[in-house]
Amino acid sequence: MPEVILYIAASLDGYIARPDGAVDWLDEVAVQEDGADEDFGYEEFYASIGTVLMGRVTYEQLLTFDVDYPYPGTAGYVFSRTRAGQRDENVEFVDGADIPQFITHLKTTSDKHIWLIGGGLLVQEFLRHNLIDRFIITVMPVILGEGIPMFPPPTPQINLELVETLSFPSGMAQFTYRRATQC
């Protein structure tokens, strides 16, 4: 069965973006000293994805980057109260009123995993409903000091089991967790 996967990068102090939503620091930190072209497992991960989910602010920030939409051909949904029911060339806008029902529908109609891209408030809502099956968190070797938190309060306690750790010459570390099984 498809899993909902939070695949996200964060600063060492837990921020996913600067206060204004900028993520310029991701490219600054990810550059390897030897110039090697490392994808940090992204291509393999993305090949397993059939659907991408994000909040409206995250989507609008993505569109400000000087690149084409990065997920063409992949079903995309943007959670938005103001644009629900609309479509554009990349995504369909959906209301987040019943996220658990929406995710149940996606899981029963897809044979590939579901990537929860962000932002923080959407992640918070998914955590509140215990909808994230796997967490792949890449910690960047930078302290931002302020910004948009990966897990904004109030965030419920969710116990996790460590599945894998990877480290990269750039100083990045990637942690994969699953929800802990209850005894």
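Asn-130 sits in the loop between H5 and E7, and that makes a handy place to start on this predicted model. The backbone does something a little unusual here. Most residues other than glycine have a negative phi, yet Asn-130 is not a glycine and its phi is near 55°, a positive value. The turn-off comes just after H5. As for surroundings, Asn-130 is partly exposed, because its relative accessible area of 38% falls between the 20% and 50% limits.

Step back into the helix and the picture changes. In H5, Gly-120, Leu-122, Val-123, Gln-124, Phe-126 and Leu-127 are buried. Ahead of H5, in the loop between E6 and H5, comes Gly-119, and the peptide bond that leads from Gly-118 into Gly-119 is cis, with omega near 5°. A cis bond also turns up between Pro-153 and Pro-154, this time with omega about -5°. Pro-154 belongs to the loop between strand E8 (148–149) and E9. Both cases are worth a look on screen, since most peptide bonds are trans.

Phe-126 of H5 leads on to the inside of the protein. The largest nonpolar core has 25 residues, and the members that touch the most others are Leu-53, Phe-79, Phe-102, Ile-103, Leu-116, Phe-126 and Ile-132. Several elements feed this core: E1, strand E4 (75–79), helix H4 (99–109), strand E6 (113–118), helix H5 (120–128) and E7 each give at least two residues. Ile-103 shows how such a residue is wired in. Leaving aside neighbours within four places in sequence, Ile-103 is in contact with Val-4, Leu-53, Phe-126 and Leu-131. Another core lies apart from the largest one; it holds 17 residues, including Phe-45, Tyr-46, Tyr-59 and Val-91.

Aromatic rings come next, and there are 16 aromatic pairs to choose from. Take Tyr-7 and Tyr-42: their ring centres are 6.2 Å apart and their planes stand at 50°, so the pair is tilted. The two rings come from distant parts of the chain, with Tyr-7 in strand E1 and Tyr-42 in helix H2, 35 residues apart. Their exposure is not alike. Tyr-7 has a relative accessible area of 13% and is therefore buried, while Tyr-42, at 24%, counts as partly exposed.

A second pair, Tyr-71 and Trp-115, has ring centres 5.3 Å apart and planes at 80°, so this one is edge-to-face. Tyr-71 lies in the loop between helix H3 (56–64) and E4, and Trp-115 lies in strand E6, so the pair ties together parts that are 44 residues apart in sequence. Both Tyr-71 and Trp-115 are buried. These two pairs belong to a wider picture: ring pairs link Tyr-7, Tyr-42, Phe-45, Tyr-46, Tyr-59, Tyr-69, Tyr-71, Phe-93 and Trp-115 into a cluster.

Phe-45 shows up again around open space. The second largest pocket takes in about 270 Å³. It is lined by 16 residues, and those closest to its centre are Glu-44, Phe-45, Arg-134, Ile-136 and Glu-164. By class, the lining has 7 nonpolar, 5 polar and 4 charged residues. Strand E1 (4–11), helix H2 (42–47), strand E7 (134–140), strand E9 (160–167) and strand E10 (173–179) each put at least two residues into that lining.

Strand E7 also holds Thr-138. At a relative accessible area of 7%, Thr-138 is buried. Apart from neighbours within four places in sequence, Thr-138 is in contact with Ile-8, Ala-9, Ala-10, Met-172, Ala-173 and Gln-174.

Gly-85 offers a contrast to end on. This glycine is found in the loop between E4 and strand E5 (92–94). With 67% relative accessibility, Gly-85 counts as exposed. Its C-alpha atom is separated by 7.7 Å from that of Asp-95, a residue 10 places away along the chain.

Key:
Residues numbered from 1 in each chain as written. Predicted model: local features only at pLDDT ≥ 70, side-chain atom pairs only at ≥ 80, totals over all residues. Heavy atoms only, no water. 1 Å grid on protein atoms, 1.4 Å probe; cavity = no way out; pocket = protein on both sides within 12 Å on 5 of 7 lines; lining within 4 Å. Points joined across faces, edges and corners; volume = space filled by probe spheres on them. Helix = DSSP H or I, 4+ residues; strand = E, 2+ residues; numbered from the N terminus. Nonpolar A, V, L, I, M, F, W, Y, C, P; charged D, E, K, R; others polar. Core = buried A, V, L, I, M, F, W, Y, C linked by side-chain atoms within 4.5 Å. Buried < 20%, exposed > 50% of the residue type's maximum accessible area, 1.4 Å probe, protein only. Contact = heavy atoms within 4.5 Å. Phe/Tyr/Trp six-rings, centres within 6.5 Å; stacked < 30°, edge-to-face > 60°.
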